[in-house]
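Colleague: Please take a close look at the aromatic pairs in this model. Then work outward and tell me what surrounds them.

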Amino acid sequence: MKLENYLSELNTLIEQEENASQALQQICSKIQKDLDHYDWVGFYFMNHHSKKLHLGPYAGKATDHTIINFGSGICGQVALSGETYLSEDVSAEENYIACSIEVKSEIVVPLYLNEVLIGQIDIDSNTTGAFGKDDDIFLKALNKKLAQRYGEDLKMIVSF
Ligand code: SME
């Protein structure tokens, strides 16, 4: 399935669901089920005061890493850079937090609200080199849509 076409399916879901938290949960579950190379899907939100990321809705195996310091692992690096991080082979990463030994590649895409970095979507794959530019484009468009639709409600999903 082309990610571009798939996005319009998600847009329909987003338009129909009024509750931000439920929308994110449905999206995590849906894309983890529909997209073969998406084995774990989750949203982290940023606490700019404590400089920590907090896990919000996710789909896949439960993780111990529900709170991550800015700068730690791939997620923590994106919290500082505000740019997508695509790792084709996580075993080659020097600054990486392993959630499961099965994970081979990962992409983390920032989530902006009104040009302020508020969170990120994190996808793990059990296949090496699973992600490419199309995933980055798809996930950026998804995050943009979520920011447009839910606005400040996104910041209430996780209480710090
Ligand atoms: N691998 C991430 C940690 C989050 S888990 O993948 C759920 C990282 O290095 O930041």
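Modeller: Tyr6, Tyr38, Phe131 and Phe138 form a cluster, linked by ring pairs. This is a predicted model, and everything below describes that prediction. The whole structure yields 4 aromatic pairs. One of them joins Trp40 and Tyr58. Their ring centres are 5.7 Å apart and their planes meet at 20°, so this pair is stacked. The cut-off that matters here is an angle under 30 degrees. Trp40 belongs to strand β1 and Tyr58 to strand β2 (residues 52-59), so the pair ties together parts 18 residues apart in sequence. The two partners differ in burial. Trp40 is buried, at a relative accessible area of 6%. Tyr58 is partly exposed, at 27%.

Now the cores. The largest nonpolar core has 36 residues. Ile31, Tyr38, Phe138 and Leu154 touch the most other members. Two of these, Tyr38 and Phe138, also sit in the ring cluster. At least two residues of this core come from each of α1 (3-16), α2 (20-34), β1 (40-47), β5 (105-113), β6 (116-125) and α4 (133-150). Take Ile31. Beyond four places in sequence, Ile31 touches Tyr6, Leu10, Tyr38, Val41, Ile121 and Phe138. Three members of the ring cluster, Tyr6, Tyr38 and Phe138, are thus on its contact list. Trp40 goes elsewhere: a second, separate core of 13 residues includes Trp40, Ile68, Ile74 and Ala79.

Ile74 and Ala79 lead to helix α3 (residues 73-81), where both are buried, as are Gly73, Cys75, Gly76 and Val78. The cover over the buried residues of α3 includes β1, β2, β3, β4, β5 and β6. Just past α3, Gly82 has a positive phi of about 70°.

Next, the sheet. It is open, with 6 strands in the order β3-β2-β1-β6-β5-β4, and the pairing is antiparallel. β3 (67-69) and β4 (85-87) are the edge strands, each pairing on one side only. From one strand to the next the twist averages 25°. The strands that hold the stacked pair, β1 and β2, are joined by 6 bridges. Met46 stands opposite Leu53 of β2. Helix α2 lies across β1, β2 and β6, and runs at about 65° to β2.

Across the sheet, β5 is largely enclosed by the rest of the structure, because 8 of its 9 residues are buried. β5 pairs with β4 over 3 antiparallel bridges, with Leu86 opposite Ile107. On its other side, 9 bridges join β5 to β6. Here Pro110 has Gln120 as its bridge partner. The hairpin of β5 and β6 has 2 residues between the strands, and Asn114 takes a positive phi near 50°.

Finally, Ser105, which lies in β5, brings us back to the ring cluster. Ser105 is buried, with a relative accessible area of 0%. A polar atom of its side chain lies 2.6 Å from the backbone oxygen of Thr127. Outside four places in sequence, the contacts of Ser105 include Ser87, Glu88 and Val90, then Ile123, Asp124 and Ser125. They also include Thr128, Gly129, Ala130 and Phe131. Phe131 is one of the clustered rings.

Terms used
Residues numbered from 1 in each chain as written. Predicted model: local features only at pLDDT ≥ 70, side-chain atom pairs only at ≥ 80, totals over all residues. Heavy atoms only, no water. Core = buried A, V, L, I, M, F, W, Y, C linked by side-chain atoms within 4.5 Å. Buried < 20%, exposed > 50% of the residue type's maximum accessible area, 1.4 Å probe, protein only. Helix = DSSP H or I, 4+ residues; strand = E, 2+ residues; numbered from the N terminus. Contact = heavy atoms within 4.5 Å. Phe/Tyr/Trp six-rings, centres within 6.5 Å; stacked < 30°, edge-to-face > 60°. Pairing = 2+ DSSP bridges. Axes fitted to C-alpha atoms, helices over the stretch in contact; angles between N-to-C directions. Polar contact = N/O pair within 3.5 Å; in protein donor to acceptor, adjacent residues only side chain to side chain.
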